[in-house]
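This report describes selected features of a predicted model. The topics are helix geometry, aromatic contacts, backbone conformation and model confidence.

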Amino acid sequence: MTGFSPFLAEHRFGYGQSADIPPPSSISEMLASLEGRDRAQAQFPIPKFRHLQDAFVLRRRFGRFARDNPDSAEGKAALKKSKDVLRSLRRERSTWFAQLQLRRISGNQGFRERLVTFWGDHFTAFGKNNILALATPAYLEEAVRPHLNGHFADLLTACITEPLMLHYLDQSASVGPNSIAAKRRPGRLGLNENLAREVLELHTLGVNGPYVQRDVHELAKLLTGLSATRNFGFKFRSKFVEPGAEIVLGERYGPEASIAPIRKVLQDLALHPETAAHIARKLAVHFVSDTPSSAIVDHIKTAYLKSDGALSACYAALLEHPDAWALPATNMRPPDEFVSASLRVLGVTPAMLHDLTHKQTRRLFFRPLSLMGQPWLRPEGPDGFDEEDAAWVTPQGISARLDWAMNAPARLLEELPDPASLLNLGVGSDAPQSLSFAANSAENRAVAVGLVLCSPAFQRR
Amino acid sequence: MLSRRHFLTKATAIGCSLAASPLVTPVTFAAAPWDTRLVVIILRGGMDGLDVVRPSADPAFAALRPTLTAGKVGLDLDGFFTLHPALAPLMPLWHREELGFVHAVSTPYRDKRSHFDGQDILEAGTDTHVGQVRDGWLNRMLQVVPGLEADTAYAIGNNDIRVLRGAAPVANWAPEANLRLSPQALRLAELVMEEDPAMQAALAEAQMLSSDLGKPNGKGGAEREIADFAAARLRGSARVAAFSLPGWDTHRRQQHALPRSLNRLSQTLLALRSGLGAHIWAKTAVVAMTEFGRTARENGTNGTDHGTAGLMLLAGGAIRGGRVYGHWPGLAAAELYEERDLMPTGDVRAPVAWIMRGLNGLAQSDLERSVFPGLDMGQDMRVLR
C-alpha cells in the first residue's frame, strides 16, 4: 500500500542521495538501520560531556589564580592559560562539527542521524556560560543518541535529568519554598517553574494540552531536588526538595524526597494520550508536511499508544503510511540539513573536512548557517528551530543559501562534479526542464552546482 | 545563453511577483499609521554606564574607579555628569539637545547577572524569566496596530534580534547577506526558482534589498553597513528598525575595550543621522539599551564585572535631549545595590513606553498590559520634544 522509493528514503528521511552509498531498498531496511551498533558514532567519535566539565574546572582554577594575583608573572600566565582552555575548546568544536557532518554524509544511517537532530531539537538545551555553550554535541551524544529507538519515556527521562538541561532551564537552582535549604536562607532561594513548564508545554502534552498553571506549579515542586554539582555533574539535592506530595494532572506523587516520584511522573506524562498526539503530529510535520493529514497523525498516535510509546513502532507507522511517500515534496530543508545534504551529494570526504582549520570552518559553515537563519545547534529558545517552511524561505535565507551554494563547494572540492550527474543524484530522474536548462547554461561549473543545490527540487523534500 | 526575449519574460514575471510580495509595498498599500521613526539598538554584553556617563561630582565616584577614570578627563555634560571622551563626536548632538541619557535604570532582572537571561528579559520586556513569553516587546508594539505591512519594521543583522520576534510580520535582513551573483547567474537562479512562488518572491525581495544598500563608502565596519541599511529603509516605508551592537563585556582592560565599542556606537548614530537626513532625523527617536550595568567598583584586572543598574542612551530629533534623566541613587556604600552595583531607581522599559506613547500614539493601557506586561509607567518622563 505504500509508495516506497529509494530516492525518497534518502531525500526525505535521510540526508539525500550519495554517489557512493546505495539507498535503502525497503522500509524494513530503514527501520533495521536504527538498531544495533551505532557505526557512524564509532567511526566519527566526539568527546563526552565529561570533557567539558574538565575544561570548566581547569578554566575556573586558572581564572581564580589570575584574579588573586593580577600583577605577578604567574598570575598573567594563569590568565593566558584560562583563556587558552576556552580557545582550544572552541577550536575543537570545529572538529566536532566535521565529525557530526561525516556521520550524516558518509554512511548509510541517514534516517538515524535525522532522528538525532529531530529529538535534539525537541529537547533543545544549550549552556549559558562560555564552556557549557559548547556542550550541546556532548548532550546529544549522551542523552539523545542512546534512546532514539527505545521508549519515549526513557528518552524524556534521560534528557530532563541531564545536567545541561537542568542548567539551561534553571532547574538546578530551583528550591522548594519549604525545603530545608530555603529555610536556611529565607528569601534567597525559591522555586523556578521553567523546566516544569517546558516539560508540559514542549516535551510532552504540547501547548494545547490538558494542563493548567496549577499543574505547572505542582510539577515544579515535584522536580525540586534535580540539580547539579558546581562542576555540572548530576546531583540530587534532597535539601532542595519541597516536602509533601504533589498532584499533577490529578495523580499524586511523592512524598519521598528521591528521584523515584520524578521518574514516575515523567513515565505517566510520556504515556498520556495527548503526548502521543503531540509526538505523532510533530513527527509527521517534520518528515512529511507542515499540514499533515489527520490520517497519518492518527496512525502514528495509535502505534504510540499500542506500544506504550515505543519509538520504533512510531517510525514504522510513519514510514508505512502512504502519505510518507506522497509527492510533491513541500517541506523545506532547514539550513543545517541543506548544508549536510549538499556535502553528501557533492561527495565531500573525511579528509576534506578534517583538513579545514577553525577559521575555515567558521567561514564555510558557522557564519553561513547563522546567515541562513540557523546558527549551529543554537535555536532562539527551548522550543527549538522552526518547523514551518515559511520561516526558512525568507529573502535573507534564500540569499545566504545561494551565496553558500555557489561558493562553498569550490572551496571544499578540488574538482567540482559534473552538473548533469549532480542533478540526477540530487533531485532524481525527473528534474524540471528549467533546472536542466539552467544547469547547462551556467557560465561556469560553480554556478551550475550552486543552481542545482538551490533549486526548489533539491531544497524541498 | 538566454535570448533577449527570454530575459524580458523573466523580468515581467519578477515584476508580478514583486507586486504580490508582502515585503515590497507600493504606495497603494496602507502603511503604518505614524510617520515617526523608532530605532532600537541592543548593546549586548552589559555596558558600563558609570564609565560612559560618569557621575564625576559624586563624592564616592573617584575612589571606586581609581584606574578607569584616571588620565583623560570626561566631557562636561551638566556639571554633575561627564561624558566618556570616546563619545566626543556626539557632543554636537548633545548641544543641539538631540542626545540624552537615562541613568540608573535596569530591567526587573536581579541577582544572577547572566548575559543570557539578562538579554532575554530585556528583549522580552517582561518582569521575570518564566518562559511564557516568547516574543519581543517591539513586536508586541506592532501587534497593537493590526494589519501592518511586513516592511514596517526591520530586524537587521544575524537573526539575533529577539526584541522584534513574534506574531507581527517583520522583515529581516543582514547587509552581510547581500546577493553577490553575476547578472547571468542571477537570471538563471530566477529561472530555477520560478516553479516555486515562495522562493521566487524571496529571491526578488533579496535582490531589492541588496540593491537598496548602494555602494558601501568604505568607512566603518559591519555596524556602518547596518546603520546605512537601516537609514535607507527608514527613508522609505519602514518606521521601526532594530539591531544590536556587541562588545560591552569589559571585564579586563576597559580603558582599551570600551572606547572601541563607544566609537562604533557613535559612528552608528552619526551614520543614522546623516543617512536619514535632517527632515526624517527630526522625527526619529533612537533608543540604545543594555541588559545590565556593571559593578560600581573596578575589579582587579582594570575592568568591571556584571552589575545591575545601567545607562540608556536616547538620540534623535524627536528626543528632548541635552539632559541626563533618572533619579541618581548615589554611590556611597550604603546606596549601592547589594553593596556592589549601582542601585536601580527606574525601569528601563518606562522611558521606552513613554516614547512609544508619544511617538506612536499607543494607549498607556496597551503599553502597560500588552507591550510591557506588568510595567507601571509612572509619571510622564517627557523625554520627547
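## A positive phi in chain B

R382(B) belongs to the segment that follows helix 12 (364-371) of chain B. Although R382(B) is not a glycine, its phi is positive, at about 50 degrees. With a relative accessibility of 51%, against a cut-off of over 50%, R382(B) counts as exposed.

## Confidence of the model

The predicted model scores ipTM 0.93 and pTM 0.87. For chain B the average pLDDT is 87, and 88% of the residues score at least 70. Residues 1-29 of chain B have a pLDDT below 50, and this stretch makes 35 contacts in the model beyond near neighbours in sequence. Where pLDDT is low, the predicted coordinates should not be read in detail.

## Helix 19 of chain A and its surroundings

Helix 19 of chain A runs over residues 358-372. At 1.5 Å a residue, its 15 residues should span 21 Å, and the end C-alpha atoms are 20 Å apart, which agrees. The helix nevertheless has a kink of about 25 degrees at L364(A), shortly before the proline P368(A).

Both L364(A) and P368(A) are among the buried residues of helix 19. The others are H358(A), T361(A), F365(A), F366(A), L369(A), S370(A), L371(A) and M372(A). The cover over these buried residues includes helix 5 (73-105), helix 17 (335-346), helix 18 (350-354) and helix 20 (395-412) of chain A. One of the buried residues, F366(A), has R93(A) over the face of its ring, at 4.5 Å from the ring centre.

## The loop after helix 19

Just after helix 19 of chain A, G373(A) adopts a positive phi of about 105 degrees. L377(A) is located in the loop between helix 19 and helix 20 of chain A. Its phi is also positive, at about 55 degrees, although L377(A) is not a glycine. L377(A) is partly exposed, with a relative accessible area of 23%.

## Helix 11 of chain A

How many residues of helix 11 (residues 194-203) of chain A are buried? The count is 10 of the 10, so the helix is largely enclosed by the rest of the structure. Among these buried residues are the charged-type side chains R197(A), E198(A) and E201(A), together with N194(A) and H203(A). L195(A), A196(A), V199(A), L200(A) and L202(A) are buried as well.

The packing partners of these buried residues are helix 6, helix 8 (152-160), helix 9 (163-168), helix 12 (213-223), helix 13 and helix 14 of chain A.

## Aromatic pairs and a ring cluster

Over all chains, the model contains 30 aromatic pairs. In one of them, the rings of F118(A) and F287(A) have centres 6.1 Å apart and planes at 40 degrees, so the pair is tilted. F118(A) lies in helix 6 (residues 110-122) and F287(A) in helix 14 (residues 273-287) of chain A, and the pair thus links parts of the chain that are 169 residues apart. F118(A) and F287(A) are both buried.

A second pair, F338(A) with F458(A), is edge-to-face, at 6.5 Å centre to centre and 70 degrees between the planes. F338(A) is in helix 17 and F458(A) in helix 24 (residues 456-459) of chain A, so the pair ties together parts 120 residues apart in sequence. F338(A) is buried, with a relative accessible area of 0%, and F458(A) is buried at 2%.

Ring pairs also join residues into a cluster, which comprises F4(A), F13(A), F111(A), F118(A), W119(A), F123(A), F152(A), F287(A), Y304(A), Y315(A) and W325(A). In chain B, the charged end of R110(B) sits over the ring of Y337(B), 5.8 Å from its centre.

## Cis peptide bonds

The peptide bond joining G254(A) and P255(A) is cis, with omega of about 5 degrees. P255(A) is placed in the loop between strand 4 (251-253) and helix 13 (260-270) of chain A.

A cis peptide bond also leads from L327(A) to P328(A), with omega near 0 degrees. The loop that holds P328(A) lies between helix 16 (311-320) and helix 17 of chain A.

Terms used:
Residues are numbered from 1 along each chain as its sequence is written. Chains are lettered from A and ligands numbered from 1 in the order in which they are written. This is a predicted model: local features need pLDDT of at least 70, side-chain atom pairs count only at pLDDT 80 or more; totals for chains, interfaces and linings use all residues. Side-chain values use heavy atoms; hydrogens and water are left out. Helices (H or I, at least four residues) and strands (E, at least two) are DSSP runs, numbered from the N terminus. The expected span of a helix is 1.5 Å times one less than its number of residues. The bend at a residue is the angle between axes fitted to the seven residues ending there and the seven starting there. Buried means under 20% relative accessible area, exposed over 50%, partly exposed in between (1.4 Å probe, protein chains only). Contact means heavy atoms within 4.5 Å. Rings of Phe, Tyr and Trp (its six-membered ring) pair if their centres lie within 6.5 Å; planes under 30 degrees apart count as stacked, over 60 as edge-to-face and the rest as tilted. A charge sits over a ring if NZ of Lys or CZ of Arg is within 6 Å of the ring centre and within 35 degrees of the ring normal. pLDDT is the predictor's confidence in each residue, from 0 to 100.
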